[in-house]
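Here are some short exercises to work through with the model open beside you. Try each task before reading its solution.

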Amino acid sequence: MSDYLQVILWFFLIEILGLIAIPLAGNAGNRLADRGISAAKPLGIILVAYFSWIFSYIWGFNRNTILISFLVLCLLSIGLYRKQKIFPERKVLLVNELVFLAGFLFFLLVRVHLPEIYMHEKFMDFAFLNAVIKTSSFPPADPWFAGGFLDFYYYFGYLSVGALGKLSAVKPTILFNLAVALTFALSFNIFFGIGYNLTHGKIRYGLLTAGSGMLLGNLQGLIEFVSMYVLKEQVTRGYYWSSSRVIPFTINEFPYFSFIHGDLHSHMLAIPFQLLVLVFLLNIYLRKSENSIFENNLAFITLSISLGFLFPSNSWDFPVYFGLALFIIFAFYYGRYIHNRNLFGSVAEFSKSVILVSVFSFLPYLPFYLSFSPQAAGGFDFVVPELRTTIDKFLILFGLFLFLIFSFLVTRLDSRRKIGFFILFAGASTLLSAAWSIPLLAVLFPLLALSLFLFLKDLPERSATGFVFLLIATAAFIALLCEIIYLDDPISGDFARMNTVFKFYMHLWIFLAIAASCSYYELRSFYGSRSGNRMLLKGAYVKKVWAAVLVLLVISCAFFPVVSTITRIIDMNAEPALDGMEYMKELDRGDYNAIQWMQENVEGSPVVLEASEDDSSYSYTSRVSANTGLPTVIGWARHERFWGRNHKEVGKRITDVRSIYSTGDEKKTLELMDKYNVSYVYIGKLERQMYSIKLDKFENETYFEPVYRDTVTIYKLKKSP
């Protein structure tokens, strides 16, 4: 089957899955302008992945299990459709399909020009994806630590891709690039849906939200452009890199950077699933004058499964969205209390809902938690003052969004007295920021206070803007929290809070992008209104200055996606391809041919021996295990240590690998291979460069069989001594 035919069949599988899931999405999004249609595809992917995983404990993880999961989803949807006749308007369905298709084709075109599954951490991502595809049970085997399992890592993002890949039989080397394009398209589509729903069915503001969330960069893109192309200064990692390293000693990724960078990381795979939860929470927030917080039990289960999916996909996401869910539940029952004045009943119902959501977002994933044994995190610690974020760096990251958000929030203050109080509060926050050595307090404390005040004020009405106020308050709170504490992981010193900022700032981008787009809609909608202090932006001169600043900020943030896409493609200079292994034909044709042979001929998950060293991370080592999913004795050593493996054990494995290749002692070789259950020995150019290989022992036909010979030789162990 040709590569392009595989893509077409796989794309139709996604489309069919999305259509099947429409009734379920509509049931959980019945108060939205699009009836939840934008959530259908990610919901369908979650449910097929979840059912496949849970059924694997009965029948194993295979195509039949995945197909059964598809059928279960079909039966649920057919039953719900026959009962409720839930289906969106043709116009809404068509618009969402066009948005999804545009996002998919755009980023598939980008990936065709950036196809290489190589450099950075793509080997790691591909190894995990292959391990999930090849496994018959969960947790999958750790491809870089023979005998170990991925019981320390959140692998459901790879499962969401791998299940569909396994069912459709798409080559993993193509699936990797399809997964990047699919995740982009799903995220773009659901950002569109959120903007569409917040603005009561305005297509252009849906597109604005999608563009803000997925296509814009930060102001560093302009700064770097001037540095490289105007001032002709030298940079070490090319144009795009510095936009993700604005705050010193941290990572500040945002969606377009993550996608143009191309590592299939868990935090990127989880973006559409985060947005899915947001859609369902928005639906709950907009349920007014209803006796129940959920339309029915199925809507409750749908939210709970979707919320619970976040932890095994990218565990950093779950506490943020669980906390957001608690606020949404509180808002619903506070609204009920205002109408019925039954405090005890409202508190009881609130408590009941919180307990049920907590239990049912945890219980369906109990097998995952029972085997989950993370060892990289060791509690929390406090951020030292000298490593805290400065205001200028924060504005480089979020300046455009904050400009729109503050403009909108201030216009919601309906009296000069409130504006005066806000100015005093902002001044006091500035003083506190200096006294406590937390620079961002000057910006974030007023933002948090004002958005929280407006959220509470909106609770009786529960309008779409109230939901936006909550997103702003949540973003401000998260940003402040990152200035105070961080998760203590193996990274220490100046980089200690790197991962905390890295993971949580993605949530900031998502929330602030949505809020900024909605803020622009509200400001445009009320330009003609004379109520409140919207007149602040009514004066001709003020309006022109404000518009000029906005245009400059938008243009500045547009530099990154345009320039980074062009420069990445030029720098990679790759032949357009869908197969992510094509680069290997030029890098090492022997490896390419041998690995393809292994992909086609080696069944199951036998252990393969390949080169490794102490400083192997981010290098070409582990290319066999990464591209086949077959476990190796030890892969990227630094990564295994970071994930919590015993340092002595990692070092011992590196030594043993060297011994197997280099020793002339046949008995010792066989003992070490038996120790790690090694079935195949891979000897390519890299192994010959790293070791003084004694080949005689592998030519002993009593124990070894040469199953592949070319510039690479692969030996299979026939039997142990």
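**Exercise 1.** What percentage of the 721 residues in the protein chain do buried residues make up?

*Solution.* This is a predicted model, where local features need pLDDT of at least 70, side-chain atom pairs count only at pLDDT 80 or more, and totals for chains, interfaces and linings use all residues. Residues are numbered from 1 along each chain as its sequence is written, and side-chain values use heavy atoms, leaving out hydrogens and water. Buried means under 20% relative accessible area, exposed over 50%, and partly exposed in between (1.4 Å probe, protein chains only). By that rule, buried residues come to 60% of the 721.

**Exercise 2.** Compare the radius of gyration of the protein chain with the globule rule.

*Solution.* The radius is taken over C-alpha atoms, and the rule is 2.2 Å times the number of residues to the power 0.38. For 721 residues, a compact globule would have a value near 27 Å, and the chain agrees because it has 27 Å. Next, the principal axes: the C-alpha trace spans about 90 × 65 × 45 Å.

**Exercise 3.** Find the nonpolar surface patch that includes Ile16, and place Ile16 in its helix.

*Solution.* Patch residues have over 30% relative accessible area and no salt bridge, with nonpolar side chains (Val, Leu, Ile, Met, Phe, Trp, Tyr) joined within 5 Å and like charges within 9 Å. A salt bridge puts a side-chain nitrogen of Lys or Arg within 4 Å of a carboxyl oxygen of Asp or Glu. Leu5, Ile8, Leu9, Phe12 and Ile16 make the patch, about 470 Å². Ile16 sits in helix α1 (residues 3–28), and counts as partly exposed because its relative accessibility is 47%.

Notes: Accessible areas come from the Shrake-Rupley method with a 1.4 Å probe; for residues, only the protein chains shown count as cover. Helices (H or I, at least four residues) and strands (E, at least two) are DSSP runs, numbered from the N terminus.
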